Amino acid sequence: MKRSLLLITILILSAGVVACSGGDSKAVEATGTSEAPPLPEDVREIAAVTNTASTTTETAVSSAVFEATGEFVSPVRSELAPKIGGRVGRMFVQEGARVRRGQPVLELETDYTRLNLQSAEAELARARAVRDEAARDLERKRELIAKESIPRAMFDRSQATFDQANAAVAGATAQVSLLRQHLSDSTLRSPVDGIVAEKRTDLGARLGDGGVAFVVVQLSPLKLRFQVPERYLGRINPGDKVSALVDPYPNEAFEGTIKTVGGVIDPRTRTMFAEAEFANTDGRLRPGLFARVTTSI
């Protein structure tokens with residue numbers, strides 16, 4: 001009886017082991033065909049940081065930025081000097097003033113020039129009157145000589161008188177034109193839109209021929225000059241856009257366009273010259289201002 005019970009117990013245990021073994025196989029098969037289990041939370045955080053770092057590196061490589069410092073310079077710097085000498089009679093601007101092209105900045109004294117012009121104009125009027133009378137006399141002599149009423153010598157004298165009167169008119173006209181030009185040249189005008197950088201004379205001072213009265217620099221457009229390392233040759237080209245930051249306007253970026261790159265590479269610094277142009281239509285940027293320039297490469 002005891003042996004029978006023992007045998008039955010062994011058989012039951014054996015059946016349980018077989019059942020459990022079959023169940024594990026099915027579980028393994030099911031696991032093989034299902035998706036991978038999610039990563040633990042701490043592992044997921046490490047993976048996210050790794051992916052972010054990789055993406056940041058790729059972005060930095062694809063959008064590299066070149067940075068440099070430069071100085072704004074004016075493309076035109078004019079030293080204004082009157083064509084004729086004279087004493088300064090009027091001054092219309094001071095140092096630092098904004099000027100437009102053609103705007104008067106200074107006028108020399110013109111009292112004597114105006115008196116001489118009046119005299120020359122009166123002489124021109126007299127010469128024209130003489131010429132007109134000589135022309136009428138010549139016309140009468142031409143009619144008379146056609147009728148053979150006067151000798152040829154008399155006609156020739158009238159022709160000579162008329163020619164002299166014409167020459168006198170031409171001389172008087174030239175003198176009037178010269179004095180009018182002197183009056184025009186007595187007023188000094190700005191050749192460009194810009195700013196008065198220097199004032200080198202004062203009211204009442206005498207300016208000789210070629211004496212510089214003002215220095216005017218152009219404000220629009222302005223050029224920004226900076227140095228580029230030789231390794232960037234071919235990566236920065238004319239037409240590229242640049243951005244400039246200046247201390248007077250810390251929260252504003254000014255946009256410009258590269259106009260010149262290259263030239264001779266300096267053997268000491270291993271850099272080359274570059275120049276960008278800025279419209280500066282509002283005139284806020286000034287020559288001599290330092291800037292931090294950036295451009296994509």
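Two strands pair if DSSP finds at least two bridges between them. Strands (E, at least two residues) are DSSP runs, numbered from the N terminus. The model is predicted: local features need pLDDT of at least 70, side-chain atom pairs count only at pLDDT 80 or more, and totals for chains, interfaces and linings use all residues. Residues are numbered from 1 along each chain as its sequence is written, and side-chain values use heavy atoms, with hydrogens and water left out.

**Exercise 1. Find the bridge partner of glycine 86 in E8, then place E8 in its sheet.**

Solution.
- Start with the pair of strands. Strand E3 (residues 86–91) and E8 run antiparallel, joined by two bridges.
- Take the residue. Glycine 86 has leucine 207 as its bridge partner in E8.
- Widen the view. The open sheet has four strands, ordered E6-E5-E3-E8, with antiparallel pairing.
- Check the edges. E6 and strand E8 (206–207) each have a single partner strand, so one side of each lacks a neighbour in the sheet.

**Exercise 2. Describe the surroundings of serine 190, and decide whether serine 190 is buried or exposed.**

Solution.
- Locate the residue. Serine 190 is in the loop between strand E6 (187–189) and strand E7 (194–199).
- Apply the cut-offs: buried is under 20% relative accessible area, exposed over 50%, partly exposed in between (1.4 Å probe, protein chains only). Serine 190 has 3% relative accessibility and counts as buried.
- Look for a polar partner. A polar atom of the serine 190 side chain lies 2.7 Å from the backbone oxygen of valine 192.
- List contacts (heavy atoms within 4.5 Å). Leaving out residues up to four places away in sequence, serine 190 touches Leu80, Val99, Arg100, Arg101, Gly102, Gln103, Val105 and Val216.

**Exercise 3. Classify the aromatic pair of phenylalanine 72 and phenylalanine 278.**

Solution.
- Set the rule. Rings of Phe, Tyr and Trp (its six-membered ring) pair if their centres lie within 6.5 Å; planes under 30 degrees apart are stacked, over 60 edge-to-face, the rest tilted.
- Count. The whole structure holds three aromatic pairs.
- Classify. The ring centres of phenylalanine 72 and phenylalanine 278 are 5.2 Å apart and the planes stand at 80°, so this pair is edge-to-face.
- Map the pair. Phenylalanine 72 is in strand E1 (residues 65–73) and phenylalanine 278 in strand E13 (residues 271–278), so the pair ties together parts 206 residues apart in sequence.
- Check burial. Phenylalanine 72 is buried at 0% relative accessibility, and phenylalanine 278 is buried at 1%.

Conventions: A polar contact is a pair of N or O atoms within 3.5 Å; within protein, one must be able to donate a hydrogen and the other to accept it, and residues adjacent in sequence count only if both atoms are side-chain atoms.
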